[in-house]
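Visitor: I am new to this structure and would be grateful for a guided reading. Please choose a single part, look at it closely, and then place it in its wider setting.

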Amino acid sequence: MGVGLTVTVTDTLFVAMSTKTTELPISPIPLLPLRSGALFPETIITIPVGRPASLALARSVEPGDLIAVAMQRDAKVADPGIADLLPIVTLARVRSVAPGRPGRAQLVVAGLRRARLSALVAARPFWKGQLAEAEETVGDVQRVRALATLLAEKIEGLDARNAPDLSKLGETALAGGALADVVAAALDLGAEQEGQVLLELDVGQRLELVIRLLDEMRSISELKGRLAEQVSGELSKAQREAFLRQQLKAIQRELGEEDETSEASALRERLDAIELPEQARRAVERELRRLEQIGPQQAEHHVIKSYLELIADLPWDKRADVSLDIDAVSAKLDEDHHGLDDVKKRVLEHLAVRKLAESHRGAVLCLAGPPGVGKTSLGRSVAEATGRPFVRVSLGGVRDEAEIRGHRRTYVGALPGRILSGLRRAGAKNAVMLLDEVDKLSDGWRGSPEAALLEVLDPEQNATFTDHYLELDFDLSEVLFICTANTLDRLSAPLRDRLEVIEIEGYTHDDKVAIARRYLLPKQLERHGLGEDALRIDDAALARIIAEHTREAGVRQLERELTRICRAVTLEVARQPSEAKLETRHVGADEVAKYLGTPRFEAAHVERAVKPGVATGLAWTPVGGDLLYIESSRMPGKGRLEITGQLGDVMKESARAALTYVRSNAELLGVDPAFLEAQDLHIHVPAGAIPKDGPSAGVTIFTALTSLLSERRVRSDTAMTGECTLRGRVLPVGGIKAKVLAAHRSGVRRVVLPERNARDLDEIPSAVRDEMELILAADMSDVLAAALEDVPPALAVATVAPTHDAADGVSAFGVS
């Protein structure tokens with residue numbers, strides 16, 4: 001029967017009922033729908049009622065009254081209609097009505113016969129139904145008698161301990177249909193199966209159905225018996241082990257080892273509560289047995305205990321509740337970082353893919369750019385916006401492969417690697433892990449940590465990452481790895497292949513002013529205990545600080561300068577009498593020197609170009625773009641070329657190639673072809689203490705030599721970059737955005753770029769492009785025509801035609 005229904009088999013049921021019938025009463029009669037279970041004819045059940053309509057019915061009936069009991073198709077329906085009830089109902093007589101707990105009642109009813117529910121004629125205050133005859137068919141009488149006999153034999157063969165009601169029925173002489181109903185009522189059937197029996201009007205089919213259900217119950221009962229015996233045997237074994245452990249505890253108590261045993265028990269409880277992979281579970285059981293067998297005075301005891309504690313601390317089955325609300329992540333990134341629209345867009349795309357494809361294993365993000373541009377804080381913002389724990393692993397200076405993979409436990413002082421240690425601190429297997437300064441890894445005699453990172457950062461392999469200390473597979477596929485690097489040149493090709501690089505070149509002047517106003521200054525005011533109204537720095541002062549006291553792609557030095565101002569203001573406030581009123585300090589452009597002293601930087605490019613032979617180039621450095629000055633001079637001699645400034649082989653070769661180009665094109669450039677017969681040349685790049693190399697200075701060296709030998713000055717407002725061949729072709733170079741931003745920071749407003757770098761112009765902020773004249777050059781003649789003040793007629797004629805269609809918006813001489 002269903003939940004809440006109690007079957008009672010009385011002595012009145014143990015008589016033959018093949019001819020016993022009950023006339024249908026005059027309709028409509030009260031109807032009681034059951035949420036679960038069914039009432040069969042010739043059975044008595046107790047029905048708890050609680051619905052308002054059912055309670056109204058219970059209050060209106062008395063013992064001896066007739067009601068109809070129906071079965072609902074769906075127990076969740078609170079106010080059923082005729083479509084929600086089975087068409088066959090049971091006519092029943094009320095035996096008793098008893099009150100239950102508040103708002104409840106109990107009806108004891110006896111099933112009499114089946115009837116067909118033709119209509120519901122009322123629903124208030126309780127249901128009433130229109131009943132019709134439901135004729136039962138017998139068909140083949142011999143077959144029905146045989147089925148009834150078979151069912152009776154099966155009942156007699158049941159174990160009375162498993163089914164006492166059914167074993168009692170085996171001694172009775174019920175008619176076939178009634179026997180099937182009573183057996184079905186005694187079986188622990190589901191609602192669907194009880195409905196099938198109730199709806200079956202063919203006596204033979206009903207007997208077959210009940211026989212099949214009885215066989216299923218017998219099979220389940222036998223299976224339960226076997227399982228009970230098995231569990232009993234295992235329980236006996238567990239009881240024996242528990243008894244032996246109690247004896248072991250007593251012995252250890254006498255030896256003074258009780259504390260260590262309790263620690264092992266606590267460790268076992270922690271490990272039993274973790275859902276471990278099968279391989280890890282076997283290793284844990286093995287090590288736990290060893291820990292319980294050896295004494296704490298043995299050296300291996302501490303090693304095993306530390307190993308098991310690591311397994312217990314790792315987040316094998318712990319995950320943080322992740323929020324993949326893209327709008328929330330976008331708002332958090334905008335709140336924490338100004339600008340960097342392309343970078344934010346790529347981060348949001350990466351998270352969107354992970355949101356839609358939960359099993360997606362995409363490339364690992366690598367934020368590459370100069371110091372101070374916000375790489376680390378971007379990773380922290382992603383973690384805070386998504387609700388993941390954030391853990392930072394610094395890899396700068398790491399030269400041991402064991403720092404990544406861990407030490408083997410056979411070594412004294414062995415520890416797990418930084419990856420597992422980071423996840424241990426995070427406490428969740430879907431943390432955001434920032435691998436900081438991944439380009440600062442170095443190789444040593446103990447192995448290559450960069451090679452060890454290949455498995456960590458490979459989405460196809462890190463699901464089975466193995467730490468040497470743990471020696472078990474650990475799944476890293478749910479970790480969101482974000483790497484940071486200042487330069488990509490130091491990364492090996494296999495590692496770069498696993499990274500999706502997002503370059504952050506730096507901030508423009510306007511960006512830095514906005515960042516200082518929105519982020520840096522409020523943070524420093526809070527750190528120094530100053531209120532929002534204690535200090536005001538206007539935009540002109542911020543612009544002067546940026547131009548004269550910083551020279552960087554990021555904002556780290558700018559923050560230091562603002563910190564100096566806040567410290568000075570804090571000192572002024574602290575010296576005031578306590579009763580004095582706090583006044584707002586205003587820092588304008590003229591007051592910057594009062595707090596920061598004399599300017600550290602100035603626009604030096606104007607003075608560098610006062611005579612021929614000096615050209616301004618653009619270079620890329622790990623901290624962003626920078627200006628590179630090329631100086632050249634000549635003196636009496638025998639045609640020797642001197643190169644100084646701690647230049648690398650590439651720059652030295654560029655200088656020799658430039659000299660060859662000038663000599664081969666001497667007449668076109670207005671240079672005496674015999675200039676080397678009685679002169680020596682000297683090319684120097686200032687800041688000789690700093691090593692310099694790379695192809696980007698080729699165009700600048702060519703221009704400086706041509707300027708020197710043709711005695712024509714290079715324009716003071718022009719800088720250039722690009723690689724040059726012996727034939728004078730200008731080849732593309734990298735770092736265009738960083739170089740143009742460096743020129744813009746330094747006040748240079750004309751920049752000559754290789755024509756084939758036109759595709760990189762879109763990366764430059766529009767505010768910078770609008771203030772700059774960007775000149776695209778395909779040949780050295782284009783460069784010289786744009787850079788030299790006095791252009792020879794032959795050179796000017798050679799560079800009249802633009803290299804692009806006017807429709808492109810970019811010509812050989814600038815951006816329209």
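**An open sheet and its setting**

Guide: The accessible surface of the chain comes to about 39600 Å², and carbon and sulfur atoms contribute 50% of that area. The model is a predicted one, and the values that follow are computed from it. The chain has 816 residues, of which 48% are buried. Its secondary structure consists of 28 helices and 27 strands. Among contacts with a separation of 6 or more, 74% join residues that are 24 or more positions apart in the chain.

The part I have chosen is an open sheet of five strands. Read across the sheet, the strands come in the order E9-E10-E13-E8-E14, and their pairing is parallel. The two edges are formed by strand E9, residues 390–394, and strand E14, residues 499–503; each of these pairs on one side only. From one strand to the next, the twist averages 25°. As a general point for reading such a sheet, side chains in a regular strand alternate between its two faces.

Let us begin at the E9 edge. The neighbour of E9 is strand E10, residues 432–436, and the two are joined in the parallel sense by five bridges. One point to find on the display is Ser-394, which stands opposite Asp-436 in E10. Helix H14, residues 418–426, lies across both E9 and E10. The direction of H14 makes an angle of about 155° with E9.

Following the chain beyond E10 brings us to Glu-437, in the loop between E10 and helix H15, which spans residues 449–457. Glu-437 has a positive phi of about 60°, although it is not a glycine. With a relative accessibility of 22%, Glu-437 counts as partly exposed, because the buried class is reserved for values under 20%. A second residue with this backbone feature is Gln-646, again not a glycine, whose phi is positive at about 55°. Gln-646 sits in the loop between strand E19 (641–644) and helix H22 (649–664), and its relative accessibility of 41% makes it partly exposed.

The parallel sheet may now be set beside another group of paired strands, built around strand E4, residues 66–71. E4 is mostly covered, with five of its six residues buried. Strand E2, residues 29–34, pairs with E4 in the parallel sense over four bridges, and Leu-31 has Ala-68 of E4 as its bridge partner. The pairing of E4 with strand E5, residues 88–99, is antiparallel, also over four bridges. There, Ile-67 has Ala-92 of E5 as its bridge partner. The loop between strand E1 (6–8) and E2 contains Pro-28. The peptide bond that leads from Ser-27 to Pro-28 is cis, with omega near 0°.

From strands we turn to a helix, H27, which covers residues 780–787. Eight of its eight residues are buried, so H27 is largely enclosed by the rest of the structure. Those buried residues include Met-780, Asp-782 and Leu-784. At the N-terminal end of H27, Asp-779 acts as a cap: one of its side-chain oxygens lies 3.0 Å from the backbone nitrogen of Ser-781.

Two arginines show contrasting surroundings. Arg-712 belongs to the loop between helix H24 (698–710) and strand E21 (718–720), and is buried at a relative accessible area of 8%. The side chain of Arg-712 reaches the backbone oxygen of Leu-669 at 3.3 Å. Arg-567, by contrast, is placed in helix H19, residues 556–575, and counts as partly exposed at 47% relative accessibility. Arg-567 is separated from His-528 by 39 residues in sequence, while their C-alpha atoms are 7.1 Å apart in space.

The cysteines complete the account. The structure holds zero disulfides. Cys-366 is buried, with a relative accessible area of 0%. The cysteine sulfur closest to that of Cys-366 belongs to Cys-483, and the distance of 5.5 Å is too far for a bond, because a disulfide requires the two sulfur atoms to lie within 2.5 Å. Cys-724 is likewise counted as buried, at 11% relative accessibility.

Methods: Residues are numbered from 1 along each chain as its sequence is written. This is a predicted model: local features need pLDDT of at least 70, side-chain atom pairs count only at pLDDT 80 or more; totals for chains, interfaces and linings use all residues. Side-chain values use heavy atoms; hydrogens and water are left out. Buried means under 20% relative accessible area, exposed over 50%, partly exposed in between (1.4 Å probe, protein chains only). Contact means heavy atoms within 4.5 Å. Accessible areas come from the Shrake-Rupley method with a 1.4 Å probe; for residues, only the protein chains shown count as cover. A polar contact is a pair of N or O atoms within 3.5 Å; within protein, one must be able to donate a hydrogen and the other to accept it, and residues adjacent in sequence count only if both atoms are side-chain atoms. Two strands pair if DSSP finds at least two bridges between them. Axes are lines fitted to C-alpha atoms, for helices over the stretch in contact, and angles run from 0 to 180 degrees between N-to-C directions.
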